[in-house]
Every structure is written in structure tokens, then in C-alpha cells.
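Let's take a walk through this one, chain by chain and contact by contact. Pull up the view and follow along.

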4 protein chains.
Amino acid sequence: MQLGMIGLGRMGANLVRRLVRQGHDCVVFDQNPETVAGLVGQNIAGAADLADLVDKLSQPRNVWVMLPAGEITEQTVTELGRLLAPGDTIVDGGNAFFQDDVRRAREMKEKGIHYLDCGTSGGVWGLERGYCLMIGGDKEAVERLDPIFAALSPGEGTIPKTPRRETRDPRVERGYLHCGPSGAGHFVKMVHNGIEYGLMQAYAEGFEILRKVSSEAVPAERRYDLDLADIAEVWRRGSVVSSWLLDLTSSALAEDPALSKYSGFVDDSGEGRWTINAAIEEAVPADVLSAALYARFRSRDREGTANKLLSAMRHAFGGHVEPKK
Amino acid sequence: MQLGMIGLGRMGANLVRRLVRQGHDCVVFDQNPETVAGLVGQNIAGAADLADLVDKLSQPRNVWVMLPAGEITEQTVTELGRLLAPGDTIVDGGNAFFQDDVRRAREMKEKGIHYLDCGTSGGVWGLERGYCLMIGGDKEAVERLDPIFAALSPGEGTIPKTPRRETRDPRVERGYLHCGPSGAGHFVKMVHNGIEYGLMQAYAEGFEILRKVSSEAVPAERRYDLDLADIAEVWRRGSVVSSWLLDLTSSALAEDPALSKYSGFVDDSGEGRWTINAAIEEAVPADVLSAALYARFRSRDREGTANKLLSAMRHAFGGHVEPKK
Amino acid sequence: MQLGMIGLGRMGANLVRRLVRQGHDCVVFDQNPETVAGLVGQNIAGAADLADLVDKLSQPRNVWVMLPAGEITEQTVTELGRLLAPGDTIVDGGNAFFQDDVRRAREMKEKGIHYLDCGTSGGVWGLERGYCLMIGGDKEAVERLDPIFAALSPGEGTIPKTPRRETRDPRVERGYLHCGPSGAGHFVKMVHNGIEYGLMQAYAEGFEILRKVSSEAVPAERRYDLDLADIAEVWRRGSVVSSWLLDLTSSALAEDPALSKYSGFVDDSGEGRWTINAAIEEAVPADVLSAALYARFRSRDREGTANKLLSAMRHAFGGHVEPKK
Amino acid sequence: MQLGMIGLGRMGANLVRRLVRQGHDCVVFDQNPETVAGLVGQNIAGAADLADLVDKLSQPRNVWVMLPAGEITEQTVTELGRLLAPGDTIVDGGNAFFQDDVRRAREMKEKGIHYLDCGTSGGVWGLERGYCLMIGGDKEAVERLDPIFAALSPGEGTIPKTPRRETRDPRVERGYLHCGPSGAGHFVKMVHNGIEYGLMQAYAEGFEILRKVSSEAVPAERRYDLDLADIAEVWRRGSVVSSWLLDLTSSALAEDPALSKYSGFVDDSGEGRWTINAAIEEAVPADVLSAALYARFRSRDREGTANKLLSAMRHAFGGHVEPKK
């Protein structure tokens, strides 16, 4: 099947590579012409701009947009809306805000263009491991693009089958799911990332408790000097907390138990925030997911008003002077 | 190798079964004689009481205690201290409080008895899957009991190897770890369970957000009726949040997407609480692990003083009358 | 000064009463004619509808809207925009979402109508104690309505003066503040309410800890049967936690230490939620304010997916069956 | 009445000053002889050591210990146990751990010595404002020392009376409370400080949200440059969040709105931690009080394992490189 790919960053380029390995053809575009040139090859044609990309695709066209959420995605979809023809399909595979999908799908539908939102998980490992795909939009387009989704997803592989799924949609066990109408794909991906923040923070707190049991705050008779790399590794075997994130943790700790190349500054992207906003709209108590997000905020803002105000109050009522940092 | 097992509940009985499958001999005891009788068989001898169990073991003896943490474990270890001889070894495989291990190991050492604490993860799946073992205590005893630990643990299996572990202790990749001196095993198991609470709560919150996006609190155009069972399943494939807990979640949701046999009441055991106490002693901010514990507390205490006081204040300052439940 | 008041609920009616006590005139309207009739009296004229209210005011008119945030406020402001003349002023004194104020003020400005947003704190006590007013909008209108704001606010009273405020705006010490341009008043009121949630939850948790130290979970030698009413009262005197909310708490506990008329179900209104959304937009870690909001969510949703899923996982990995509720 | 005071720090010295102002006599001791010399004067005699202090008191003696919780308090009470006679009374007015009080009271009772634990709130303001006293121990001693407690506490003052307290213990309205048996006083003081942490953090988060609405993360049309000092001041008047901590906040912000002399590093003392431990023992969900404590932990630990591990995972699964600090 033929697919146009717009945006050749870490994710977009690997999606293309995985598709052509499985026998599909791609026409690719990126703002940076060198990036395009670097990817062009067998079954991969380059495009000079969006119009050129659209020209090079045969109808009905399939165009996958793999750009950062926000302005650039908005502009690209808008322009594609002008360039494409009725019956064509746009897939937004980035981490767009699902409410933007709802609007864009409606706008595109007025032009007869299909618009799918496709949450794409897999990161730098997806090229080999396959991508977990969470798709929203109209059924017709989802079914037409099935060869693309099937090629990108991991397939059944060696993962043990879940019992009692015999009568259910078999695509799910291959790693892609039509979640529902427009926005549903990115909504599910958003919550996926919200959960990811919570899982990561749970491990992070646990390993910090393991590390600091060696500190002088702990009485000597139960002060342990634990090997975090070995602990992460042993938990991969038969324990309740085994996971892919733990696999990565074990690997990172084996490489450098002190994690000395990291500064303690942790960024966040939109999905963790949107997940909390969704929880609040639904009145779902999301204590863990919020705390995970806030831990990242705190990692970056070290001398904020809040902390200073605490010190100011402590000084005011108790004469406390904070110790030097 | 010969092992005495005290306590034949879900965990103890399966440990014995796994050991004899791998060629070891067991002498078993439980408060309930019928339980003992039910397990006795090839390579499994029954004991009438602790003294009988000790008698039936050849020296140096190895006795594994697999009882609920607290009074019953304390009494059993104390009595074993009277019955055993110098050079014998006690393994506490239950979920004891690690500070109790430190004390017990010291008391047993005065009698020349080795005392190991062994955190044992694996639950009802351990018989087939193997148990992840986190061991604290003196090196001599750990090494002498190596055949037991090797038999109980999962072994390398088909789990991909973590890079850069070539020069490290190979036992870890087979699923058991000598964590450090007395108490270290149960300390690591305690934090393991603390993390487990956090991971579980992260999934729980996420799935609740997915469920409630179908509620009327959400505007109709982005109100989705999502299939939670399919979402859990698809995330098992190539996504960042895949884990063993997710495998179990997918299975539970496939069996009954409404989870209708559960009441919403969630119990907790000691480890989650001790983990927070440890975090506080070490000054580690454990927001996620605490929130996970508190969510369980809240699930059980529905008309507490705290909530009533909130309503009383709201009534007092704003005349608010809470809606009916 | 003459003021039109729309909405004669608990807040609106008392605002009118406080204004006429201080020599102002009001024209009042409510959807319920009986409510209007009940309030009409000396210096208070009734209106049959919005048009009648506008007719009865002399130009430049001042109209205060005191309605629930949302649809009804939106409709009322829209209709006032049709009825009023350039130079007139609308004050939204309800708990509107500040972003709605920004839009409405812009729409009204196009018609030459001033629009102020006025966060109004004081609840059922405001009639006697005065209202704390947080005002957003253009300076001209704020200054023209000064007599209204001065009459509604508490005045300096007997509250000790804060040092080093001599050169600052004296209106603040009388209890009203021009916070900034449109929306700033309701933004400040929103955060005020967010803080209120946090303060309330801090007391609520503390009193629950005091209550439950009498429970059997606590060893007998340090199990206390504390008098919560006396504790709340003594903390009003010289302690660091004295506050107006504590005054109300002491009063509620003196009336009924068991708080038996409250069910444990706690509602929330928009401000607490919007505060968290604002925090997330600004990347401010709002752990306490979020936890306070979520505690209310949890008080109302007792058998949600999240808790059931926890039980399902516990059953799946450990065979745990939750105790009866 | 005559009282011995041991420990002449900020709190101890002011307690002595307030007592002599009200006509009592004190014998004072401090490790630092210069501190003793600086306080000696009319109705204040100095002591060279504990034995001298005991000698200078007439029987039955009353000795108030006002030292940091921990080793120094333990040693002092132990030595007083040797020096004092049956019928004498020790008051521990510091921030001792209540479980230590239970043990000490039992030990002293064996010698016929009364032991009271007295939580003392008031900080640097107590000399003028009076101290809020939360007392645990036997009734006989509490009643004998009533003149001391009455002199230290604020008295009824001008604080409005709480309705429906007519039949209750009038001492409470004067600012001191006999909470219960040994340990109850410090338990109540401990929870008081736990609540204090929660209240402080609620304000801190709120003011940070107010500050950061001026940041570029917020769209320009609703980006406000708010005056935090004015907001704190206006909330003192008629608002729901008025409190003594807010009075102090208003004062600190009026002095320096940027709070530039504070570093963002916030210390904590034992009570906040013990409060969480108590909550966990009682299974009380203390989300807000925990979050407040953890925010202080985070303010001090800026490059911990937890944050680094988050970055390591992000790098491992997504190739993310954190931005520079």
C-alpha cells in the first residue's frame, strides 16, 4: 500500500522504515530537505513540499502526519485539507490533543476527507518491536488502511494469549485497536501516557527509598548498601512488578548505577497534563497520576514562590531560619 | 536437599510442590493437621508439631517459615530457637517487618543458628512461573541453601537478557538475589510491594478515566464508549505500559468488563504502610506510593470524620447542603 | 448609589440588604416573582423582568448579576448587552469562570458597556461580616462603583493592621481589591477557593487522625479518647492553626461532636477544578490542592472502576478475596 | 507559684518572662551559663546545674523542661528522675514524640513523680499573645499547676465566644486543655503541627498559582500581573481563608513581595512526620498532610535517584534528552 509520511523525526522515519520492510511504498516529506534526502531509497520517494507529496500519491491517498502536537500539525492538516480530494485520508499519528481531532475530523468531513487520529506508542524501540496503535475515526477509513496498521503493529509475536478473547476482534492481539470515533484514539493514547507517568514515578520513588536506606538518617543496624541494578534485574523474574519499564530500568542501572549523566531535571509533554484535565472533568480522583506529573514540575522549579512562602511563614511564626542549601 | 516447611497456606504449599518437583525433600507442618495430611506424599513427610519437624530433619537443618507476619511468626521463630541446634538455618519467607528480622537474626546468632529473611514474590502463579526471591542474612547460609533458592526461582527462561550484566552475579538473572545483611531481603520485598501499590493505582486511575469518558459529565461530541478489555489487551503489544499487572488486568477485563464481582472495597497489608514509614525516615518524597495506599484506605472508610467535617464547614460558611448520596 | 441586582438567592438577597442598610437604593429581579416580592421594601424596588429592571435604573446604570456560573449567567449577560446603553456597567459577582469574563468583557466593550468581574467571598456570614471583594476590569468602572464596593466590604474593623502597608492602596484594608484587567477578579477568587479546599482538607485529615486514635488499630497504652470540640476550641487561642474555618469547626463540633447529620458525601463546585487546570497550565505542582479536590471526588464515588480493578488484580496475582464491607 | 525552667532558648526564655510578668517565680537553667545570667532578675533566680535548680525549688517542685526533642530531653528527664522527690512534677513542654511521654510517665510514676506532656504552640509571638497549651498526664498534677497554665495561655481575650460551650470546661476558652492521659498532649500538638504543614502548603500552592499566571505559559489575554501582597491582605477581610498564617503571609509579602531572602529550601521537624506515621497506623488517608511534608522533602533534595531514574527511562524508551536546567 502507498502512504505519504509528513515529518521524519525519530518516530516518522522509523515508521517509514518499518513500512517498506513489510513491502509498502512511501512518499516522504520533512521541513528539512536533508532529512528527506537521507531517507529516500528503495520504495521511498521524497517530496519537495506538501503539494508535491500529494501529487506523488495515487488516489485515494493516505497521508500520515507525524509532527509535534500544536501549531505545526494544525497548519499541516489545514493545508492538506486544501490539497487533498474527497475520499483521501489523513492520519494524525502524533500526540495531538484529542479535542483538536474532533474539530479537525469535522472540518475534513465537510470536504469529504477522512481523518483518523492514531496514538502511536513504541518510541525508539518501535522499528524492531512494532508500534502499539490506538485509532479513532470512521470505520471505513480504518478498514481501508488496515494493511498499514497491520504492518506497523507488533503482531501476535510470542506474548502469551489472554484467555477468553476468542470471540473478540483479532486485530487487538496484533497490536492495533479501533478505539471509537474521532478523538478516541488520541484519548486512549493520552491516558496511556498518563498511566506511564504514574508507573514511572512509582518505580522512581521505590528506587529512591532503596538508595537512601544507605543514608545516615537510618540507624546503623538497618542501614543497607543495596545494589539497585541487581534489584531491578531480579524483579524482572517472577515478581509482581515486572514490566517493560522495569526492563529499561534494569538496563539503565546496569550501565551506570549512579545514573550520573542525568541532572534530576525531568520534562513533561502534553498528555500527562491533559489526562489530569480529563480526570477533573469526569470527577475521577487521579491522585497518583497527578502526583507523578507534579513531581516533574517540582524537578524543574526549584526556587518557586511556594517554597519561599513556606520559609517566610516559618520565619514569621517560629523564627526559623532555613539551613543552607 | 532437605527442607522443613512451616505453614502450608497458598504460598507454603506451592513452595513445597515446586521443590519436590525439582528433586528436593520436604518435611511439612501446619496448625491444621488435615492440611498436612493433604500434602504428604512422595518426598513430602508430615510432622505433628514443630519438635517433630525438627526431629525429622537431618543436620544441619533448614527450616522455612511461611506464616503471616506478626505474632504467629514470632512465636514460631522463638520456639525454633529452642528446638534447633547451632549450624541450623531458619528462613522466614513471609512478609515480615524487616526490623523484626534484624532483631531475630541477632537473637538466633547468639544461639549459633543462622536466620535468613527471604522476600518471596510470585503469588498464586509462583508454582508454575517460579518465585522472585530477595534474601537477607549471612553469606554462609545463603550459599548453603543455594539449591533451594535455585529450585524456587524462575530461572533464566526466555526473558531477554539485560546488556552489560556479564560480570555480575549470575544468580540474579535466575531470579534470586542476596540483597545484604539481615533484614535487607524483606526491606527490598517491602519496597517491591510499595511499588506494586503505585503501579496498580496508576492503572486503576487510568482505566477509570477511560470508563468515565462515557459519562454525561463529558460533552456529547467527545463522549466515548470505550472497550476497556480491548484497550488493556492492545497495550500489551509494543506499548510503554506493558507489564505483568497489565496482563492480569487484560485477563480480568476479558472475563468481565464490568468487574461486577468486586465491591470497591480494597484491603492493604503491612508492606505498603512500612514503605511509607521508611520513606519518611529517609526524607524521600513518596507522593505516588502514599497516594496509592491512601486510595485503599479511602475505599474502606466511607463515612469518616474527615468527610463529615468538610460538609459541616461547607454548611457553616456557605449554607451548603450536600446532595443525597 | 443605585444598583440593579439580578438573582436573589442566598448571596444576592444579602448583598441587597447590606447595600440598603448603608443608604443605597436597589432595583431587584429574580426568576421567582415571589422572591422579588419578599425583598421589596424601603429603598428596594422590584422588577418584572430584565427590561423592567433596566428601565427603573437611571443612567449610567449599574447592574450586578448574582447567578450560578454557566448558562443562566451567559444568557443574562447577553440580554443585558442588548438592553443596556453605552456607559452602563455590568458586574458579575458570581463564581464565573474567569476565561468567560475575558470574552464577555470584550463583547460588552464593543457596545461601550463596562463589564466587571467581582469574586465575592463571605457566604452566609457576609451580611453582617461584610464581603471580601476581588475585582477585575477597567479602572474607570471600578472607581465609579467605589461606593458600592465600599458598602459591601467589611471595612477596616478591629483586625490588626499589617505593618508596612502605609503607602499601599487603602481600599485593600477595607476588604476590596482591584486585582487587574477583566478576569483577574474571578481568577483570584478561583484560587481563593482552591486554597479553601486545601485548608479544609488539612483540618479534616487532622481531626480524623485525632478521632481514630481511639480505634483498636492503636495499642491500648496510647489509645486516646480525645474531645475534638475542645481541641478545636483551644486551637483558636494562640495557636498557629487558628483561622476562621477553625472557628466554624469549633462551633460545629460544639453543636454535635459526632457530626451525625452529615453523610460523608462532599460536593465540589467549579473553582476547585479550575484552580487545578490553571496550576497545570502554569506547571505549578499543586499536590495539596489536587488532593483536596480528589478527596471530595472519592467521597462520592464509592464503587468505581479504579477500586474494582485493584481488587481484580489482587485476586489475579495473589488469590486475595477482599473482606466484606 | 514557683517553677523551674530548663532550657532558655527562644521558647523557654519567653515562657519565663510571661510567667514573672504575671507574678510567678522562676528558677532557670541552661547549658550556657551566659544565657542563664542574661535572664536572671526580679523573681528569676539562676541555677548552676540541674541539682542546683532542684535545690532552689520548694516542695512539691514543678520543673518545666523546654529542650529539643530527643537525646537531650531524655537525659534531662532521666537525671531529674534521680534528683526529684515523690510528689514533684516534671512538665515536658517541648515537641517530644508522644510515645516517649508514655514511657517516661510510666518510669516517673514508679518513683512517685508526676510527668506531664505539654504541647506548646505560639512561637515567637507567644510572649505577647500567649501560648496554646495541650496537656497530657494525670489530673492531679494538671490541677495543681493550673496557675502556671493559666498564666501562659492567652486567656479569653477578644476572640468571639463559640456558641453552645456554656457547660464545657472553661479552661479551654482560656487557651489550655487537659487532653487526656500521658502522651495525649503531645499527640494533639503533633497533629496540630501536621495540620499546620497542610495549611501552609495550601497557601503556598495558591500563591504560586497567582504568581505564575504572569508567565509566558499563559496566553497573553489572560496573563495577569497580580499583587500578591494586596491579595493576601484583602483575604484577611471577610474571606473564607482568613487565618493567622494568612496574617503572617500578608506581613511577609508587604515587607518583600519577591520573598527574595528565602532560598526555596524548607526544613521540617519531627511532628509532620510522626503525624503521617500515626495516620498510617490508624488507616486514615492523609493525602494533604503527606503531600505537604513531601513538598518540603522535595525542596531539599534536588538531584535524587527518583528524578534521575525518570530521565533514564525517558531516554531509554523515547530517546528524550532533558533540557538544560
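Start where chain B meets chain D: there are 2 salt bridges between these chains. Bear in mind as you look that this is a predicted model. One salt bridge to pick out joins Asp287(B) to Arg298(D), with the closest N and O atoms 2.6 Å apart. Beyond salt bridges, 6 residue pairs make polar contact across the interface of chain B and chain D, both partners being at pLDDT 80 or more.

What does chain B bring to this meeting? Two elements, helix H13 (270-282) and helix H14 (287-300) of chain B, each give two or more residues to the side that touches chain D. H14(B) has the largest share of that side, with 8 residues. Sort the chain B side by class and you get 13 nonpolar, 2 polar and 5 charged residues.

As for extent, 20 residues of chain B are in contact with 20 residues of chain D. Together the two chains bury about 1,700 Å², and carbon and sulfur atoms account for 62% of it. If you want names to click on, try Ile280(B), Pro285(B) and Tyr294(B): they supply 36% of the area that chain B buries against chain D, more than any other three residues.

Now swing over to chain C and chain D. Here 92 residues of chain C touch 92 residues of chain D, and the area buried between them is about 8,000 Å², with 64% from carbon and sulfur atoms. In chain C, Ile209(C), Arg237(C) and Val240(C) lose the most area to chain D, yet together they make up 10% of what that side buries.

This interface has its own polar side, too. The count is 12 salt bridges between chain C and chain D, including one from Arg164(C) to Glu255(D), where the closest N and O atoms are 3.5 Å apart. Add to the picture 40 residue pairs in polar contact, both at pLDDT 80 or more. Helix H10 (residues 184-212) of chain C gives the most to the chain C side, with 18 residues. That side divides into 49 nonpolar, 20 polar and 23 charged residues.

Last stop: inside chain D. Look for an open sheet of 8 strands with mixed pairing, in the order S3-S2-S1-S4-S5-S6-S7-S8. Strands S3 (44-46) and S8 (176-180) of chain D each have a single partner strand, so each edge strand has one side without a neighbour in the sheet. On average, neighbouring strands of this sheet are turned by 25° against each other, direction ignored. For a closer look, find S5 (residues 89-92) and S6 (residues 114-121) of chain D, which pair in the parallel sense over 4 bridges. There, Val91(D) stands opposite Leu116(D) in S6(D).

Conventions:
Residues numbered from 1 in each chain as written. Chains lettered and ligands numbered in written order. Predicted model: local features only at pLDDT ≥ 70, side-chain atom pairs only at ≥ 80, totals over all residues. Heavy atoms only, no water. Contact = heavy atoms within 4.5 Å. Buried area = accessible area lost by both parts, 1.4 Å probe. Salt bridge = Lys/Arg side-chain N within 4 Å of Asp/Glu carboxyl O. Polar contact = N/O pair within 3.5 Å; in protein donor to acceptor, adjacent residues only side chain to side chain. Nonpolar A, V, L, I, M, F, W, Y, C, P; charged D, E, K, R; others polar. Pairing = 2+ DSSP bridges. Axes fitted to C-alpha atoms, helices over the stretch in contact; angles between N-to-C directions.
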